[in-house]
Amino acid sequence: MDGPGRRRGQEGKRAMRQFGSRMYLRMRSRPLPAIVVQPLHTVASDPQDPFAGFCVAVVGGREEEREMECLLGLLKVRVVRGVHLAICDPLTHSSDPYVVLRHGQQKVKSSIKYRTCNPEWNEELTLSITNMMNPVKIELFDHDTFTKDDSMGNAEFCILNFVEIAKQDLSDVPDGTVMKSIHPETGNCLATESHITWKDGKVSQDIVLKLRDTETGELVLQLTWVNIPGVAR
Ligand SMILES: [Ca+2]
């Protein structure tokens with residue numbers, strides 16, 4: 001390893017000696033088996049830090065440069081309701097919808113709401129966020145007892161703005177401040193303008209998504225952020 005790579009390696013080893021807490025590692029060269037928990041403090045919060053999100057690990061006695069993704073915090077996704085979802089069961093003129101959220105390798109599901117195209121879930125699902133560049137992907141399905149579940153559409157939303165704002169120190173910001181508004185456009189699935197808000201000591205975002213690959217349907221979500229003690233802002 002030469003030049004910047006070597007320097008980065010040396011700095012990485014120094015960082016590993018200096019800091020001590022939890023960090024989630026992912027090997028770039030492998031398809032994510034391997035979330036490894038190391039005794040290491042996160043170094044990912046400072047945008048000026050050349051180490052933000054990266055470090056060097058010594059694996060199997062061999063020194064190699066690896067990409068490591070820090071656990072940034074928890075994203076709570078409240079699945080509020082679906083509106084005018086597709087009819088997948090012609091006999092009952094309704095559907096039995098449930099929601100699947102994916103982020104990286106994680107997958108979480110809501111409960112099934114039977115015989116309705118306007119389900120009220122009001123359920124909170126939690127994703128751990130290691131890479132804010134990854135969107136949250138959503139798919140809705142109609143549950144069927146004897147046949148394969150049918151897709152009822154999909155959508156995705158970007159969490160970059162939300163996490164960037166959530167990681168700031170907002171203690172001096174007045175309660176109820178709208179930190180950012182995001183408009184519906186071709187590149188996102190927003191059905192209405194979405195606001196990232198600082199309220200009651202939390203960063204939250206209300207989202208209405210227009211479902212793709214289906215005739216009809218919107219999904220209402222609310223995001224909130226939970227910082228993890230010991231993880232740097
Ligand atoms: Ca069904």
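Two strands count as paired when DSSP finds at least two bridges between them. Keep that in mind for a pair like this one: threonine 177 stands opposite tryptophan 198 in E12. What you're looking at is a predicted model, and we'll walk through it sheet by sheet.

Let's start with the overall make-up. The protein chain has 2 helices and 14 strands. It holds 233 residues, and buried ones make up 27% of them. If you take the contacts between residues at least 6 apart in sequence, 56% of those join residues at least 24 apart.

Now back to threonine 177 and tryptophan 198, which face each other across two strands. Strand E11 covers residues 177–182, strand E12 covers residues 194–199, and the two run antiparallel with 5 bridges between them. How many of the 6 residues in strand E11 are buried? The count is 0, so to speak a strand that is hardly covered.

Zoom out a little and you'll find that E11 belongs to an open sheet of 6 strands, in the order E8-E5-E14-E13-E12-E11, with antiparallel pairing. E8 and E11 stand at the edges, and because each has a single partner strand, one side of each is left without a neighbour in the sheet. On average, neighbouring strands here are turned by 20° against each other, if you ignore direction.

Let's step inward from E11. After E12 comes E13, and 4 antiparallel bridges join E12 to E13. One match to look for is threonine 197, whose bridge partner in E13 is serine 204. Moving on, strand E13 (residues 202–210) pairs with E14 over 7 bridges, again in the antiparallel sense. Here valine 208 stands opposite valine 220 in E14. On to strand E5 (residues 73–83): 9 bridges join E5 to E14, and these strands run antiparallel too. Look for arginine 78, which sits opposite glutamine 222 in E14.

Strand E14 deserves a pause. In a regular strand, side chains alternate between the two faces of the sheet. Which side chains of strand E14 point to the buried face? They are Leu219, Leu221, Leu223 and Trp225. Glu218, Val220, Gln222, Thr224 and Val226 point to the other face, and these are not buried. Try tracing residues 218–226 in the structure, and you can follow that alternation along strand E14.

Next, the nonpolar core. The largest one has 36 residues, and Val77 and Leu209 touch the most other members. What is leucine 209 in contact with, leaving aside its neighbours within four places in sequence? From E14's residues 218–226 there are Glu218, Leu219 and Leu221. Leucine 209 is also in contact with Ile138, Ala155, Phe157, Cys189, Leu190 and Ala191.

There's another sheet to visit. This one is open, has 4 strands in the order E7-E6-E9-E10, and shows antiparallel pairing. Its edge strands are E7 (106–109) and E10 (150–157), each pairing on one side only. The twist from one strand to the next averages 20°. Inside the sheet, strand E6 (residues 97–103) and strand E9 (residues 136–142) run antiparallel and are joined by 6 bridges.

Follow valine 100 across that pairing and you reach glutamate 139, its bridge partner in E9. Is glutamate 139 buried or partly exposed? Glutamate 139 has 19 other C-beta atoms within 10 Å, so it is partly exposed; being buried would take 20 or more. Beyond its neighbours within four places in sequence, glutamate 139 is in contact with Val100, Ser151 and Asn154. Alanine 155 is 16 residues away from glutamate 139 in sequence, with 6.5 Å between their C-alpha atoms.

Finally, a pair of backbone oddities. Most residues other than glycine have a negative phi. Histidine 93 isn't a glycine, yet its phi is positive, at about 55°. You'll find histidine 93 in the loop between E5 and E6, and it counts as exposed because it has 9 C-beta neighbours inside 10 Å. Asparagine 122 also has a positive phi, near 50°. Asparagine 122 lies in strand E8, residues 120–129. With 12 C-beta neighbours inside 10 Å, asparagine 122 counts as exposed, since the cut-off for exposed is 12 or fewer.

Definitions and conventions: Residues are numbered from 1 along each chain as its sequence is written. This is a predicted model: local features need pLDDT of at least 70, side-chain atom pairs count only at pLDDT 80 or more; totals for chains, interfaces and linings use all residues. Two residues are in contact if their C-beta atoms, placed from the backbone, lie within 7 Å. Axes are lines fitted to C-alpha atoms, for helices over the stretch in contact, and angles run from 0 to 180 degrees between N-to-C directions. A nonpolar core is a set of buried Ala, Val, Leu, Ile, Met, Phe, Trp, Tyr and Cys residues joined through C-beta atoms within 7 Å.
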